[in-house]
Amino acid sequence: MESRIDTAVEIAGIRLKNPVIAASGTFGYGLEFAQLLDLNALGAIVVKGLSRAPMLGNPAPRLVETAAGMLNAIGLQNVGVDAFIEEKLPPLRKFSTAIFANIFGNSTEDYVAVTERLEAAEGIAGYEINVSCPNTKQGGMIFGSDPSLTHEVTAAIKQVARRPVIVKLSPNVTDIALIARAAEDAGADGLSVVNTLLGMAIDLEARRPVLPNITGGLSGPAIKPIALRMVYQVATAVKIPVIGLGGIATGRDALEFMAAGASAVEVGTATFWDPTAPARVAKEMEAWCRANGVSRMATMTKSLRAEDR
Ligand SMILES: Cc1cc2nc3c(=O)[nH]c(=O)nc-3n(C[C@H](O)[C@H](O)[C@H](O)COP(=O)(O)O)c2cc1C
């Protein structure tokens, strides 16, 4: 008989049955995938980013394939927080998987307003705050590229949130540890590392950018080494738990992120070529632990040997 592996992990007081979380924006509202895989096999689901009002997003094309990755300029299309609560949350409550609401806005007040609406709803484990958005009230600076803006928005959300607040950091910064500490100082309960890297694709013959938006967010295996480095830097800079993501496609990838310091992981772009990727990654992690004599998966977190650091 196969030995039993304890796959449970804890993030900011939330117990997950395994460390694998479906990332925001690549798994819809979760429900779209219920026919393709058992949602109960996932540690958690982060839903598509939610704003105060519904948003249609950018014009097409919004996706471009790149070497080992993908550029997207979806433009944060979503049904809006009210429709999420009324239409998506009730069927999601039937699953035993933790649901994280991903929140974004163009001002601190927007973030707070969305959080307040979600606070009144049942069936949400915690919040993931997407700070890779411009603050249109203050010159369009990206919240997550400035420590004081990151601090401001995190502290304001913490004032109204009784559920754990995970701040999802932007990789488009010079010193990610500085931003991580600003979020921690403001009371963040955890950090997700990282969002997409700003990139661009060009149609050479047409002499035009491929995306009408000109730039897009790069994701997928192409960004994995960068994301891994940032998880390592953040995990050594803060005391709060870190969720690692960026290019994870296999159980080995996920366990590398845990070794670098992540307590849990998210799988995003991999679901584009394998819709069952988050469940498969969880199974592959368990198989690796069994083959390598690791009986409790949580012990993989920060397991890099000291002499290698
Ligand atoms: C099509 C698409 C839509 C995304 N939408 C969101 C979003 O709404 N909110 C968010 O925080 N991150 C969003 N992301 C970022 C992913 O959650 C993730 O941070 C990033 O893609 C890196 O992980 P990956 O390489 O596993 O995809 C999106 C990514 C993609 C590819």
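Let's start at a single residue: Thr 276 is partly exposed, with 15 other C-beta atoms within 10 Å. That count falls between the two cut-offs, since a residue is buried at 20 or more such neighbours and exposed at 12 or fewer. Keep in mind as we go that this is a predicted model. Thr 276 sits in the loop between β18 (264–267) and α7 (277–291). Leaving aside residues up to four places away in sequence, Thr 276 touches Leu 36 and Leu 37. Phe 33 belongs in this picture too: its C-alpha atom is separated from that of Thr 276 by 8.4 Å, although the two residues are 243 apart along the chain.

Now let's step back to the whole chain. Among contacts between residues at least 6 apart in sequence, 71% join residues at least 24 apart. The protein has 7 helices and 18 strands. Its radius of gyration is 18 Å, close to the 19 Å that the globule rule gives for 309 residues, so the protein is as compact as a globular protein of that length. Taken along the principal axes, the C-alpha atoms fill a box of roughly 55 × 50 × 45 Å. Of the 309 residues, 50% count as buried.

For a helix to look at, try α2. Helix α2 spans residues 108–119, and its 12 residues reach 17 Å from the first C-alpha to the last, close to the 16 Å expected at 1.5 Å a residue. Its buried residues are Asp 110, Tyr 111, Val 114, Thr 115 and Leu 118. These residues cover an arc of only 130 degrees around the axis, which puts them on the same side of α2. The spacing makes sense, because an α-helix has 3.6 residues a turn, so residues three or four places apart point the same way. And what do the buried residues of α2 pack against? Their partners are two helices and two strands by name: α1 (81–92), α3 (147–160), β7 (98–103) and β8 (126–130).

Finally, let's turn to a sheet. Strands of a sheet pair through backbone hydrogen bonds, either parallel or antiparallel. Here, an open sheet of 4 strands runs in the order β5-β6-β16-β13, with antiparallel pairing. Strands β5 (63–66) and β13 (197–200) form its edges, each pairing on one side only. On average, neighbouring strands of this sheet are turned by 40 degrees against each other, direction ignored. Within the sheet, 3 bridges join β6 (residues 69–72) to β16 (residues 215–219), and these strands run antiparallel. One residue to pick out here is Met 70, whose bridge partner in β16 is Ser 219.

Technical notes:
Residues are numbered from 1 along each chain as its sequence is written. This is a predicted model: local features need pLDDT of at least 70, side-chain atom pairs count only at pLDDT 80 or more; totals for chains, interfaces and linings use all residues. Two strands pair if DSSP finds at least two bridges between them. Axes are lines fitted to C-alpha atoms, for helices over the stretch in contact, and angles run from 0 to 180 degrees between N-to-C directions. The radius of gyration is taken over C-alpha atoms; the globule rule is 2.2 Å times the number of residues to the power 0.38. Two residues are in contact if their C-beta atoms, placed from the backbone, lie within 7 Å. The expected span of a helix is 1.5 Å times one less than its number of residues. The arc is that of the directions from the helix axis to the C-beta atoms.
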